[in-house]
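Welcome to a short guided tour of a protein structure. Please keep the sequence and the 3D view at hand while you read.

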Amino acid sequence: MYAAQLFQEIRDSDPIVGGVFLALESMFRQVAWTEQPANDTPEAAAWAEFLAGCRADMSHTWPGFIAEVLSMLVHGWSYFNVVYKLRRGPDEPDARYRSRFTDGRLGWRKFALRPQRTLARWEADGDGGIQGLWQRTPRGEVFIPIQRALHFRTIEAGGHPEGRSLLVNARRSYRYQSRLEEFEAVGVERDLAGIPHVTVPVEHLSPDATAAQQATVQLVQEMAAGLRADERAYVLTPAEDYAVREEDEDGNVKYQRLPTGYSFKLLSSGGTRAHDTDRIIRRYSQRISASLLATFLLLGGSEGKGAQALSSDLTDLFELAGTGILDGIAEVLNRFAVGNLMRLNGVPPELWPRLEHGGLSESAWHDLLNQIGTVMNAGGITHDGNLETYLRQKMGLPEKEDAAAEEDS
């Protein structure tokens, strides 16, 4: 529960993290999905067409569903309840059966996301397998069996049901960054507005103060604290005596000390700070963006391909990572969504179609490029040769001439 709230807070409040995830979601939304028949027979083609109709007949769009699946990048996992319906035509008054088709077959009504923050606990069997999820609702806990669900994870190592969030390595930097930003904002506000400093007679603060004197001090404290809109901060000190010069008829001078009573003023800090908070905050922002992008790039890697991926340029890395994520989504859909749908409709396994994803479109890459430019301007990514090569390729610019060629020209 705490992890889900923390990861969602980072996703929603950090501008670099939010920008990168928005770019990734936009990129994956534009991927084309197609239904592939099991073989070349007309019957297999008909069931592939049936699958396409089921996708188009749901209460939500397919790109919207893919965007919700990608919440696993934030939390490490996402869980959907598969809701079916009998296809009884568009005029059916009951929404559980309303469909654009009238063949009476079972189709998909929706894939309902169960938000990560509503997780109560996981149900496991004696062998460590996942039996389902208990969801916390206003009416109590509800069990959603794995047989009626789609369970997506970033990684499945060890069989852990919650995978691994892309933001795990960014938690520490985000905590320090957010605290420093708060301290910086409060410090600036205090420097500009000042801290209320109130003095009261010394006897009002003594242990022997009367009830009336204590009530007066309490009233002064409330008034001083009320002057601050964001932080209840003030300084309360005993009043200092002041000296009054008196001279008698013979010219003798003496001083009489009198209490000052109550006073009020605003304190402001002087001088400059020993630490450059802007530089420190920027360093943590760079660490957040670096950990996020590095984790994303490694998601598409597999055994035996790590060295090859690291030696490739940035384009290949992003394509490898994106393809790896799409492959994982497609595998879950084919095994548990398409397979169960075909089984419920009595389709022989040899005729089951498959959902296949296309490549990442050029427009998606352009959106990602724009977002990378924004992150670079914010100082989250530093420029290097690989990044320049990548940008030139995606924008259709000519390759950069080497230094020797430029000098000869």
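The report below goes from the whole chain to its salt bridges, then to a charged patch and a few single residues.

## The whole chain

What you see is a predicted model. The protein has 409 residues, and 39% of them count as buried. Its secondary structure comprises 13 helices and 13 strands. How much of the contact pattern joins residues at least 24 apart? Taking the contacts between residues at least 6 apart in sequence, 67% join residues at least 24 apart. On the outside, the accessible surface comes to about 23,400 Å². Carbon and sulfur atoms account for 51% of that surface.

## Salt bridges

Side chains of opposite charge can pair when their charged atoms come close. In this model, 7 salt bridges are present. The table shows three of them, with the distance between nitrogen and oxygen.

| Pair | N to O distance |
|---|---|
| Asp57 and Lys85 | 3.3 Å |
| Asp103 and Arg87 | 2.4 Å |
| Arg121 and Glu141 | 2.4 Å |

Let us begin with Asp57 and Lys85, which form a salt bridge with their closest N and O atoms 3.3 Å apart. Asp57 sits in the loop between helix H3 (42-56) and helix H4 (62-69), while Lys85 belongs to strand E2 (residues 77-86), so this pair ties together parts that are 28 residues apart in sequence. Are these two residues buried or exposed? Both Asp57 and Lys85 are buried.

Next come Asp103 and Arg87, whose side chains meet in a salt bridge at 2.4 Å, N to O. Asp103 and Arg87 are each in the loop between E2 and strand E3 (106-113), and their pairing links distant parts of the chain, 16 residues apart. How do their surroundings compare? Asp103 has a relative accessible area of 37% and is partly exposed, whereas Arg87, with 3%, is buried.

The third pair in the table is Arg121 and Glu141, with side chains that meet in a salt bridge at 2.4 Å, N to O. Arg121 is part of strand E4 (residues 119-124) and Glu141 is part of strand E6 (residues 140-145), so the salt bridge ties together parts that are 20 residues apart in sequence. Arg121 is partly exposed, at a relative accessible area of 37%. Glu141 also counts as partly exposed, at 41% relative accessibility. Some salt bridges share partners, and in this way Asp57, Lys85 and Arg100 are joined into one network.

## A patch of positive charge

Now turn the model to look for arginines on the surface. Which residues gather in a patch of positive charge there? They are Arg164, Arg171, Arg172, Arg175, Arg179, Arg279, Arg283 and Arg287. Helix H6 (171-193) and helix H8 (277-299) each supply at least two residues of this positive patch. The most comes from H6, which gives 4 residues.

Arg283 is one member of the patch, and its place is in helix H8. Why does Arg283 count as partly exposed? Its relative accessibility is 37%, and partly exposed covers the range between buried, under 20%, and exposed, over 50%.

## A few residues to find

Start at helix H1 (residues 2-13), where Tyr2 lies. Tyr2 is exposed, with a relative accessible area of 62%. Between Tyr2 and Arg117 there are 8.3 Å in space, C-alpha to C-alpha, although they are 115 residues apart in sequence.

Glu49, in helix H3, is exposed as well, at 61% relative accessibility. What separates Glu49 and Pro353 in space? Their C-alpha atoms are separated by 9.0 Å, and the two residues are 304 residues apart along the chain.

Finally, look at the stretch around helix H7 (residues 211-226), which contains Thr216. Thr216 is partly exposed, with a relative accessible area of 27%. The C-alpha atoms of Thr216 and His204 are separated by 8.0 Å, with their positions 12 residues apart along the chain. In the loop between strand E8 (195-200) and H7 you will find Ala209. Ala209 is buried, at a relative accessible area of 10%. Which residues does Ala209 contact, leaving aside its neighbours within four places in sequence? Ala209 is in contact with Glu203, His204 and Gln214.

Technical notes:
Residues are numbered from 1 along each chain as its sequence is written. This is a predicted model: local features need pLDDT of at least 70, side-chain atom pairs count only at pLDDT 80 or more; totals for chains, interfaces and linings use all residues. Side-chain values use heavy atoms; hydrogens and water are left out. Patches are made of residues with over 30% relative accessible area and no salt bridge: like charges are joined within 9 Å, nonpolar side chains (Val, Leu, Ile, Met, Phe, Trp, Tyr) within 5 Å. Accessible areas come from the Shrake-Rupley method with a 1.4 Å probe; for residues, only the protein chains shown count as cover. A salt bridge is a side-chain nitrogen of Lys or Arg within 4 Å of a carboxyl oxygen of Asp or Glu. Lys and Arg count as positive and Asp and Glu as negative; His and the chain ends are not counted. The place of a charge is taken as NZ of Lys, CZ of Arg, CG of Asp or CD of Glu. Buried means under 20% relative accessible area, exposed over 50%, partly exposed in between (1.4 Å probe, protein chains only). Contact means heavy atoms within 4.5 Å.
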